[in-house]
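Okay, thanks everyone. I'd like to spend a few minutes on the empty space in this one, and then on one of the helices. Have a look at it first.

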Amino acid sequence: MRKTLMAMVTGLMLASVAPLSAGAEIHEQTIRFASAGAEGSPLVIGQRKFAEIVKEKSGGKIDVKVFPAGMLGGDLQSVTSLQGGLLQMSVMNAGLMASLAPDFAILDLPFLFESTKEADAVMDGEVGKTFAKELDEKNLVVLAYWELGFRNLTNSRRPVEKVDDIEGLKIRVVQSPIYLEMFQALGANAVPMPFPEVYTALETGTVDGQENPAPSILTAKLNEVQKYITLTRHTYNPMVLLFSKPLWEKLDQEEKDLLQAAASEAAAFQRQLSRDADQKAVDALAASGMTVTKLPPEEIARFREKTKPVAEKFAGAANPDLVKALNDTIQRVRAAN
């Protein structure tokens, strides 16, 4: 499985990766690589794997320093720093790019993906390449797509066993309009908030709940301040691995090739790590005392029906050719299975 995923990601990644020439010169430099991910999460482990690969490929000349947990600011602050050439790298929820390139919102359409195979085919194919072109115009270079995974709902007030149970809950959501409207459609009081602030907001009762993939919930220790988790799997989050375009253009081609190769290799590693961690995290959350609710198919259908107007609104606002390519890719993968 790992070899298959590695081959797929490497083969379909955005830029072709040329091998380093025998006389290639790599300059000594330090790259700061930021994220909002918690230490020990598949995201941050992926960052550290990337740093190891770069160190090995560069013979120690390129030192990638990892800054997790919002140490250099939240995701939106990191985007500004990347665009201004103040920060070299970051990795974040691809849906957050909708503020720069509105078409990214279609990745967060509720209940869009049913499997990681569908997501990989979309992100490593023409859709992912189109997104990369849109961000290139915004001073951001896309090196690869990683993953956060399927998102689930937690709260501290009551088990959510049916869609009506969400009514009135204060739920922290990603700082993206589609999340705000999705949870409002489900009856929640949706509160946009940077991830580094979530634990304190849950602890103090500023919000009742939040939604994230199980590994993120576990590594951020949100189970300490949340009692109930419902496996809604309402959205799947690709992560976009970004490099500052102003700083990228200052690199020699050999350095660009090295970093692209490392990004592709780390993408395969990080995705598989995230998928292996998902069920283990659910089990660990249950063992820690959380009540785990798995929704029956008929209830998932009710969730989908309630959020259908949101999906139609955001899909309707996106490039129709891109939406068609997205849906065609998903249907092709489903037909093959």
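So, to start us off: how many cavities of 30 Å³ or more does the structure hold? The answer is two. Keep in mind as we go that this is a predicted model.

Let's take the largest cavity. There's about 280 Å³ of space in there. It has 24 lining residues, and the ones closest to the centre are Ala 36, Asp 75, Leu 148, Phe 195 and Asn 212. If you want to find the walls in terms of secondary structure, strand S3, residues 89-93, and helix H8, residues 214-219, each put in at least two residues. As for the chemistry of that lining, we have 13 nonpolar residues, eight polar and three charged.

Now the second largest cavity, with a volume of about 40 Å³. I can give you the whole lining here: Ser 41, Pro 42, Leu 43, Glu 147, Leu 148, Pro 215, Ser 216, Gln 270 and Ser 274. Helix H2 (42-57), strand S4 (140-150), H8 and H10 are the elements that give two or more residues to that lining. By class, that's four nonpolar, four polar and one charged. You may have caught Leu 148 again: it lines the second largest cavity, and it's also on the list of residues closest to the centre of the largest cavity.

Okay, on to the pockets. The largest pocket comes in at about 290 Å³. Sixteen would be a lot to read out, so from the 16 lining residues I'll give you the ones closest to the centre: Leu 109, Pro 110, Phe 111, Leu 112 and Ala 311. Two helices give two or more residues to this lining, H11 (297-317) and H12 (320-336). And which element gives the most to it? That's H12, with six residues. The lining splits into 10 nonpolar, three polar and three charged residues.

The second largest pocket holds about 240 Å³ of space. Its lining includes Phe 150, Asn 152, Leu 231 and Arg 233, then Asp 278, Gln 279 and Val 282, and also Lys 294, Leu 295, Pro 297 and Ile 300. Helix H10 (253-287) and H11 are the elements giving two or more residues here, and H10 has the largest share, three residues. Six of the lining residues are nonpolar, two polar and three charged.

Let me finish on H12, since we just met it in the largest pocket. H12 has 17 residues, and from first C-alpha to last it reaches 24 Å, close to the 24 Å you'd expect at 1.5 Å a residue. Which of its residues are buried? Leu 322, Val 323, Leu 326, Thr 329, Ile 330 and Val 333. Look down the axis of H12 and those buried residues fall within an arc of 130 degrees, so they line one face of the helix. What's covering them includes helix H4 (116-123), helix H5 (126-136) and H11. Flip to the face turned away from the buried side and you'll see the exposed residues Pro 320, Asp 321, Lys 324, Arg 332, Ala 335 and Ala 336.

That's what I had, so let's hear your questions.

Methods. Residues are numbered from 1 along each chain as its sequence is written. This is a predicted model: local features need pLDDT of at least 70, side-chain atom pairs count only at pLDDT 80 or more; totals for chains, interfaces and linings use all residues. Side-chain values use heavy atoms; hydrogens and water are left out. On a 1 Å grid over the protein atoms alone, a cavity is a set of points where a 1.4 Å probe fits but cannot get out, and a pocket is an open set with protein on both sides within 12 Å along at least five of seven lines; lining residues have an atom within 4 Å of a point. Grid points are joined across faces, edges and corners, and a volume is the space filled by probe spheres set on the points. Helices (H or I, at least four residues) and strands (E, at least two) are DSSP runs, numbered from the N terminus. Ala, Val, Leu, Ile, Met, Phe, Trp, Tyr, Cys and Pro count as nonpolar, Asp, Glu, Lys and Arg as charged, and the others, Gly among them, as polar. The expected span of a helix is 1.5 Å times one less than its number of residues. Buried means under 20% relative accessible area, exposed over 50%, partly exposed in between (1.4 Å probe, protein chains only). The arc is that of the directions from the helix axis to the C-beta atoms. Contact means heavy atoms within 4.5 Å.
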